[in-house]
Amino acid sequence: MSRMISLRSGAVRKGNQKLIKSINRNIILNIVREYAPVSRADAARISRLYPATVSSIVNDLIAEGFVREVGLGDSTGGRQPVMLELNTGAYLACGVSIEVDHLRVCLTDLEAKVMVSEEQALVWQDGPRKCLPHIVKAIRKIIDTQNIPGDKVLGIGIVYPGPVDTSSGTILASPHMPGWGGYSLKASLESELPFEIFVDNDANAAAWGEKWFGAAGGYSSFLYIMADYGLGGGIVIDDQLYRGRNGGAGEFGHMTVDINGPQCKCGNFGCLDVIASGTAVTRRIIKDIKSGAETVCKELAGGDIERITLDTVLEAVAMGDSHACAIVEESGRYVGIGLANLINTFNPELIVLGGQLALKSDVFFESAKETARRRAWLAFGRDISIVPSVLGQDACMVGAASLALTTVFQSPGMLAYA
Ligand SMILES: [Zn+2]
């Protein structure tokens with residue numbers, strides 16, 4: 001967050017007054033977000049805007065509730081300046097994550113800090129028409145129980161584990177979940193709820209959340225990789241999510257890593273997902289136990305191997321179980337090879353690793369990181385930063401909320417970090 005926000009004067013001169021005002025407003029709001037506590041004079045110096053312009057914008061932001069005064073700062077010769085910071089609790093966003101067998105809903109403040117969250121079972125396979133009433137009810141409940149006036153809710157972000165057309169909020173394809181493909185989640189929710197709805201793919205939203213509120217703050221180009229039951233990712237290039245032609249960019253798990261490998265749920269063979277995802281790791285442990293492998297996983301699952309989950313495997317790894325460690329380490333190596341391919345393709349500044357595999361197991365994280373660095377083309381691999389997700393297990397849900405939150409911080413006219 002050390003880089004200053006600056007204006008490219010040529011672009012501003014060509015803009016109309018309303019656009020210029022909106023750009024300046026966003027610049028000041030982001031300076032307060034990044035540099036708080038910050039004085040009006042410092043905000044003017046950082047933004048290179050006239051002090052009178054900054055004062056007027058700050059007055060508007062205070063009146064709207066986005067910014068507040070927080071006492072006096074150190075004097076640099078004259079009067080002590082009044083310091084400013086974000087009024088983080090003044091507005092909220094709701095984040096909703098549709099996951100394999102449940103729904104997670106949260107309310108966050110302006111800095112994406114989770115204020116309250118709830119989880120409930122959701123039979124995703126039942127299709128959208130049966131699921132929608134549950135989703136609407138969960139959103140209403142979390143807003144009602146917190147007693148929040150509707151005009152304080154900036155919007156509702158909802159994420160889905162599949163490709164999404166974000167402009168219409170439509171689920172594009174869902175070959176294994178009947179009914180979801182072609183379903184307009186945005187229109188359906190907007191007909192039930194008086195809020196603006198933002199729909200995106202879960203890993204894209206998580207990447208967006210990491211950019212604005214997590215591990216990738218200040219980075220323009222980075223990759224977010226989610227290593228969980230499935231393997232997914234989000235690509236941010238020049239401060240924008242890269243979605244690809246059909247919203248399918250970032251399907252990292254479906255790169256082929258074994259030409260003779262087993263068939264993946266996508267229909268292809270030898271995908272990274274079918275070999276190294278959390279689902280694959282769990283299946284492999286169960287298969288190995290059936291073949292006589294020694295591991296504590298069976299005991300951890302109460303003797304019933306069909307009850308072994310990724311959690312069970314990661315618990316066994318934490319206990320030092322050698323078989324579970326070997327399988328998770330190998331999964332990390334495969335994912336590391338996938339990362340090396342991505343590093344050679346995108347030459348990113350940073351890779352953020354999230355999901356249970358990466359966050360709960362150092363064995364996996366180190367294996368993936370070391371393999372990626374070793375296998376990437378030397379010049380690209382040498383100085384790449386590979387870091388764990390800051391949003392952690394909440395990345396999708398908080399990422400969903402960040403879709404609504406960033407409408408405040410990002411305007412179409414906002415210029416890139418210089
Ligand atoms: Zn696949």
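## Helices, sheets and two backbone oddities

Q: Hi! How do helix α9 and helix α12 pack, angle and distance please?
A: Happy to help! Helix α9 (residues 278-290) packs against helix α12 (residues 322-346) at an angle of about 145°, and their axes are 10 Å apart. Helices here are DSSP runs of H or I with at least four residues, strands are runs of E with at least two, and both are numbered from the N terminus. Axes are lines fitted to C-alpha atoms, for helices over the stretch in contact, and angles between N-to-C directions run from 0 to 180 degrees.

Q: Good. Anything I should know about the model itself?
A: This is a predicted model, in which local features need pLDDT of at least 70 and side-chain atom pairs count only at pLDDT 80 or more, while totals for chains, interfaces and linings use all residues. Residues are numbered from 1 along each chain as its sequence is written.

Q: Back to that helix pair: which hand is the crossing of α9 and α12, left or right?
A: α9 passes α12 in a right-handed crossing. A crossing is right-handed if the near helix is turned clockwise from the far one by less than a right angle, and left-handed if anticlockwise.

Q: And which residues make the contact?
A: On α9 they are Val281, Arg284, Ile285 and Asp288, and on α12 His323, Ala324, Ile327, Val328 and Ser331. Residues are in contact if their C-beta atoms, placed from the backbone, lie within 7 Å. By class, the contact of α9 with α12 has five nonpolar, two polar and two charged residues. Ala, Val, Leu, Ile, Met, Phe, Trp, Tyr, Cys and Pro count as nonpolar, Asp, Glu, Lys and Arg as charged, and the others, Gly among them, as polar.

Q: Now α2 and α3. How do their axes cross?
A: Helix α2 (residues 17-35) and helix α3 (residues 40-47) have axes that come within 10 Å and cross at roughly 115°. The two helices are therefore roughly perpendicular to each other. For that wording, 65 to 115 degrees counts as roughly perpendicular, under 35 as roughly parallel, over 145 as roughly antiparallel and the rest as oblique. The crossing of α2 past α3 is right-handed.

Q: Who meets whom there?
A: Ile27, Ile28, Ile31, Val32 and Tyr35 in α2 meet Asp42, Ala43, Ile46 and Ser47 in α3. That contact of α2 with α3 counts seven nonpolar, one polar and one charged residues.

Q: What sits at the peptide bond between Ala36 and Pro37?
A: A cis peptide bond, with omega about -5°. Pro37 is in the loop between α2 and β1 (38-39).

Q: Any other backbone surprise?
A: Ala112 has a positive phi of about 65° although it is not a glycine. Most residues other than glycine have a negative phi, and most peptide bonds are trans. Ala112 is in the turn of the hairpin formed by β5 and β6, which have five residues between them.

Q: How are β5 and β6 joined?
A: Seven bridges join strand β5 (residues 102-108) to strand β6 (residues 114-121), and the two run antiparallel. Leu103 has Gln120 in β6 as its bridge partner. Strands pair if DSSP finds at least two bridges between them.

Q: What's the strand order of the sheet with β6 and β5?
A: β6-β5-β4-β7-β10, an open sheet of five strands with mixed pairing. Its edge strands, β6 and β10 (197-201), each pair on one side only. Strand β7 (residues 153-160) runs parallel to β10, with five bridges joining them.

Q: Which strands does helix α5 lie across?
A: Helix α5 (residues 128-145) lies across β4 (92-98), β5, β6 and β7, at about 30° to β5. Helix α7 (residues 202-213) lies across β4, β7 and β10, at about 105° to β10.

Q: Is there another sheet order to note, and what is it?
A: β13-β12-β11-β14-β15 is also an open sheet of five strands with mixed pairing. β13 (240-242) and β15 (385-388) are its edge strands, each pairing on one side only. Neighbouring strands in this sheet are turned by 25° against each other on average, direction ignored. α7 packs on this sheet too, touching β11 (222-227), β12, β13 and β14 (350-354), and its direction makes about 50° with that of β12.

Q: Last one: what does the domain assignment give?
A: Domain 1 (9-86), domain 2 (92-211 + 397-409) and domain 3 (217-389). Those bounds come from an automatic or database domain assignment. The C-alpha centres of domain 1 and domain 3 lie 43 Å apart.

Methods. Two residues are in contact if their C-beta atoms, placed from the backbone, lie within 7 Å.
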